[in-house]
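Work through the following exercises with the sequence and the structure open beside you. Try each task on your own before reading its solution.

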4 protein chains.
Amino acid sequence: MQLKRIIEENDTIAGKVFDLTIQFLIIVSLISFSVETIPGLSETTTQFLKLIEVATVSVFTLEYLCRVYVADNKLRFIFSFFGIIDLLAILPFYIARGIDLRSIRIVRLFRLFRMFKMFRYSRAIQRLKQAFLTIKEELILFLIAAGFLLYISSVGIYYFENNAQPEQFKSIFHCLWWAIVTLTTVGYGDMYPITTGGKIFTSIVAVIGIGVVAVPTGLVASALTKVIKNEEN
Amino acid sequence: MQLKRIIEENDTIAGKVFDLTIQFLIIVSLISFSVETIPGLSETTTQFLKLIEVATVSVFTLEYLCRVYVADNKLRFIFSFFGIIDLLAILPFYIARGIDLRSIRIVRLFRLFRMFKMFRYSRAIQRLKQAFLTIKEELILFLIAAGFLLYISSVGIYYFENNAQPEQFKSIFHCLWWAIVTLTTVGYGDMYPITTGGKIFTSIVAVIGIGVVAVPTGLVASALTKVIKNEEN
Amino acid sequence: MQLKRIIEENDTIAGKVFDLTIQFLIIVSLISFSVETIPGLSETTTQFLKLIEVATVSVFTLEYLCRVYVADNKLRFIFSFFGIIDLLAILPFYIARGIDLRSIRIVRLFRLFRMFKMFRYSRAIQRLKQAFLTIKEELILFLIAAGFLLYISSVGIYYFENNAQPEQFKSIFHCLWWAIVTLTTVGYGDMYPITTGGKIFTSIVAVIGIGVVAVPTGLVASALTKVIKNEEN
Amino acid sequence: MQLKRIIEENDTIAGKVFDLTIQFLIIVSLISFSVETIPGLSETTTQFLKLIEVATVSVFTLEYLCRVYVADNKLRFIFSFFGIIDLLAILPFYIARGIDLRSIRIVRLFRLFRMFKMFRYSRAIQRLKQAFLTIKEELILFLIAAGFLLYISSVGIYYFENNAQPEQFKSIFHCLWWAIVTLTTVGYGDMYPITTGGKIFTSIVAVIGIGVVAVPTGLVASALTKVIKNEEN
């Protein structure tokens, strides 16, 4: 079967054209989805975006039906990871027709699943996956340690700053937000300590926070070194 | 003794259930502690939180008594690191009964010690510990170097900015806060130089600051690579 | 030919003097270009800067003509990468004479190409180039993954914050700006989530963002280790 | 000579006590220097700080004279790196007596040189020095590349933002400050792009900026791995 080879394989010119076309349409669809959110669009632009929407969804529907058609085991494809994603990527378009317009907004988020389809085309993703599997245990350990640090930081800053800035450092949950913004070194500046105790505490936490960033970087660095070395042998 | 094995070991189903239950209750207790700090909670929620408090502390007390009971050397357990933590985790609950309500707040901070109990269950923590022991000397050296840089930065910015912003860059101690926020690249934006000299000085300090973050990252990376390599052999 | 050796090679004293003079004039020209942008310069300064401009461009023109003269294949040099850069570095000066003064501003940006000439003198740049070629595939993979994360973050924050801050989180494109500022941990503080949902979402994104910074760092670290090791053998 | 051994060596108990005392006094002197900058100190505190000043400088003077006395080649010690630092650490105290009070402020900055004396005691500093010598060339290359990126970023943002925010992005030199704050990911929030072009440009620059931080981190990581490996063999 020629069609099967074009759709499922990547080794013919037709197959490559097919793959690239689908990838291009996924990106077009994502951009059009983003443009739609800009407030105050003209009537012509809205009409044009709707046209793109109809066009891309039509192609994606055709692609989905073809994939089901050429699959050796049709049911297995439908309930496979990519089968479900392919369906979720087109479903909101059809469902949203009948019901009210407000709900479309949330349902459309599913359109993002289209993006994940791109992963099918990337062989290189396997290498990254392998690197992360090598350090899975260490990363979990790091996440637990980071969680501990975040929690202790939140409780600490709560006791130091709650009296001085009750509106900002309202509860431990509000302090958790501060702890994440500080320890990831994002530092928006919406919340920061003003008491001397809070500043000293933050200083200690921020220095430890460098270590928190250092550990996963070190983990990824050593894992990638290992994966690259293994590929050479 | 069956009970001893359940409490102290991890190799039976009952032992695993016991461990997971205690871990789950520690997390429940920490969440309930955090929820309590939210201002303006309803009477029902407060009652419910008090109930959780009584329940978890009861279980922790029972656990503590059991641990003392099954210990071969009872006194040694009581004065061991985890023995003291187990006691500190439940003590505030009983002490806070008799005395006035304001003091509870500070005493309750000890409840956080419950969190450290989780470390007992983690075997993986040993690996991280080993990595940090490998680079202990280098980390101390880095901390001293970082301390030098922080101090020099503070003194420098004090001379550049004190005249222009006397309220912000009040003393070298206030500048130390600025130095930490800048060198860890958190950058809240509560203090920043406005004079040309201060900006040039900060630029030099910030570029060196990249190195300050680079050194511990490099240390952790090489230590982890070493630990992983040693485990393979 | 003596002149050819001085201009194209680096192994005589005259050749080294020639190279260092050109490098020095490039830097002088760049500084003078920067000083010109300071508003409210005195007439004397402006005159002095114009003098520097005439002087440097004269030398660069002479250099360009010499390079064309000594080249074995004149046409090949003119259309080579550095031949075009050498021409672009002097062209705006002559073109801007005839036309109106406003347009000079944009055309002058080409002067920056002078800076790239410095690369010709740096042999060490080859080593860095080699390190980046080693990890080219991984870097592309990372950039795609980073692009995915940026897009998903933007869409997510748009749904969480658009209702609460319609002016700040106006469209997915405005959110993309927020995503870049947050994931690179720059954190200007011009846009940040205020809803609970948005804060929780940002927390997850920021923690993943540490990984985003960790991957290229790890890649560069392993590539540089490899290049250094290869040079030793 | 016993005195020579105590002062210059570290292998006797008296020698260790001497070294630790000097180190302790350096820290006391630095703290007292910092406390002095706090505005609104009471008369008693000022008097107490002056006492500490006199005491520490006396000891440092005595130490300096002893070091000159025990040195085999007195002139060589006086003009050595540490000889000059030792002198600079005490000189301002004596000079500041005669002249007016305002100038003391700047002269006192030399007191910071006392801090560098600590390096004499640290043997471990040699190891870090070795690691940095290994990657000296690469670090210089990185600094040049970083300089290029900073300059291009400044020029770019100047053209994008100068019209929209002439007060903030006044000249290329003002933009250089923005470029450093952004590329080091400090992100104070005192200057940020508001135009669409400026935001797109900043996004590209910020993503490249991750690489800028990644390169020295990778360099330090590989250099430290090498130094640690060499010490093991």
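Helices here are DSSP runs of at least four residues, numbered from the N terminus. By that count, Ile31(A) lies in helix H2 of chain A, which covers residues 13-36. Keep in mind throughout that this is a predicted model.

**Exercise 1. The make-up of chain A**

Task: Determine which kinds of elements chain A contains, and how many of each.

Solution: Counting the elements gives 11 helices and 0 strands in chain A, and reading from the N terminus on, the order is accordingly α-α-α-α-α-α-α-α-α-α-α. Next, turn to burial, where 46% of the 233 residues of chain A count as buried. Then look at the contacts with a separation of 6 or more, of which 64% in chain A are between residues 24 or more positions apart. Finally, consider the surface: chain A exposes about 11900 Å², and carbon and sulfur atoms supply 69% of that area.

**Exercise 2. Two residues of chain A at the surface**

Task: Decide whether Ile31(A) is buried, partly exposed or exposed, and do likewise for Phe82(A).

Solution: The cut-offs come first, since buried means under 20% relative accessible area and exposed means over 50%, with partly exposed in between. Ile31(A) has 47% relative accessibility and therefore counts as partly exposed. Ile31(A) also belongs to a nonpolar surface patch of about 320 Å², which it makes with Ile27(A), Ile38(A) and Phe173(C). Phe82(A), found in helix H5 (residues 81-98) of chain A, has 24% relative accessibility, so it counts as partly exposed. As a further step, compare sequence with space: Phe82(A) and Gly147(A) are 65 residues apart in sequence, and their C-alpha atoms are 33 Å apart.

**Exercise 3. The nonpolar core**

Task: Find which residues of the largest nonpolar core touch the most other members.

Solution: The largest nonpolar core has 194 residues, and those that touch the most other members are Trp178(A), Trp178(B), Trp178(C), Leu219(C), Trp178(D) and Leu219(D). Take Trp178(A) and list its contacts, leaving out residues up to four places away in sequence: among them are Ser153(A), Ile157(A), Phe169(A) and Met191(A), and also Tyr188(B), from chain B. As background, nonpolar side chains tend to be buried together in soluble globular proteins.

**Exercise 4. Helix H3 in chain B**

Task: Find how far helix H3 of chain B reaches from its first C-alpha to its last.

Solution: Helix H3 of chain B covers residues 43-70, which makes 28 residues, and it reaches 41 Å, close to the 40 Å expected at 1.5 Å a residue. The buried residues of this helix include Leu49(B), Ile52(B), Phe60(B) and Val68(B), as well as Glu53(B), Glu63(B) and Arg67(B).

**Exercise 5. Salt bridges**

Task: Work out where the partners of the salt bridge between Lys4(D) and Asp72(D) lie in chain D.

Solution: Begin with the total, which is 8 salt bridges over all chains. The side chains of Lys4(D) and Asp72(D) meet in one of these, at 3.3 Å from N to O. This pair links distant parts of the chain, with Lys4(D) in helix H1 and Asp72(D) in the loop between helix H3 and helix H4, 68 residues apart. Asp72(D) counts as exposed because its relative accessibility is 70%.

Now set beside this the salt bridge of Arg67(D) with Glu63(D), whose closest N and O atoms are 2.9 Å apart. Because these residues are 4 residues apart in helix H3 of chain D, about one helical turn separates Arg67(D) and Glu63(D). Arg67(D) is buried, with a relative accessible area of 5%, and Glu63(D) is buried at 4%.

Conventions
Residues are numbered from 1 along each chain as its sequence is written. Chains are lettered from A and ligands numbered from 1 in the order in which they are written. This is a predicted model: local features need pLDDT of at least 70, side-chain atom pairs count only at pLDDT 80 or more; totals for chains, interfaces and linings use all residues. Side-chain values use heavy atoms; hydrogens and water are left out. A nonpolar core is a set of buried Ala, Val, Leu, Ile, Met, Phe, Trp, Tyr and Cys residues joined through side-chain atoms within 4.5 Å. Buried means under 20% relative accessible area, exposed over 50%, partly exposed in between (1.4 Å probe, protein chains only). Contact means heavy atoms within 4.5 Å. Helices (H or I, at least four residues) and strands (E, at least two) are DSSP runs, numbered from the N terminus. The expected span of a helix is 1.5 Å times one less than its number of residues. Accessible areas come from the Shrake-Rupley method with a 1.4 Å probe; for residues, only the protein chains shown count as cover. Patches are made of residues with over 30% relative accessible area and no salt bridge: like charges are joined within 9 Å, nonpolar side chains (Val, Leu, Ile, Met, Phe, Trp, Tyr) within 5 Å. A salt bridge is a side-chain nitrogen of Lys or Arg within 4 Å of a carboxyl oxygen of Asp or Glu.
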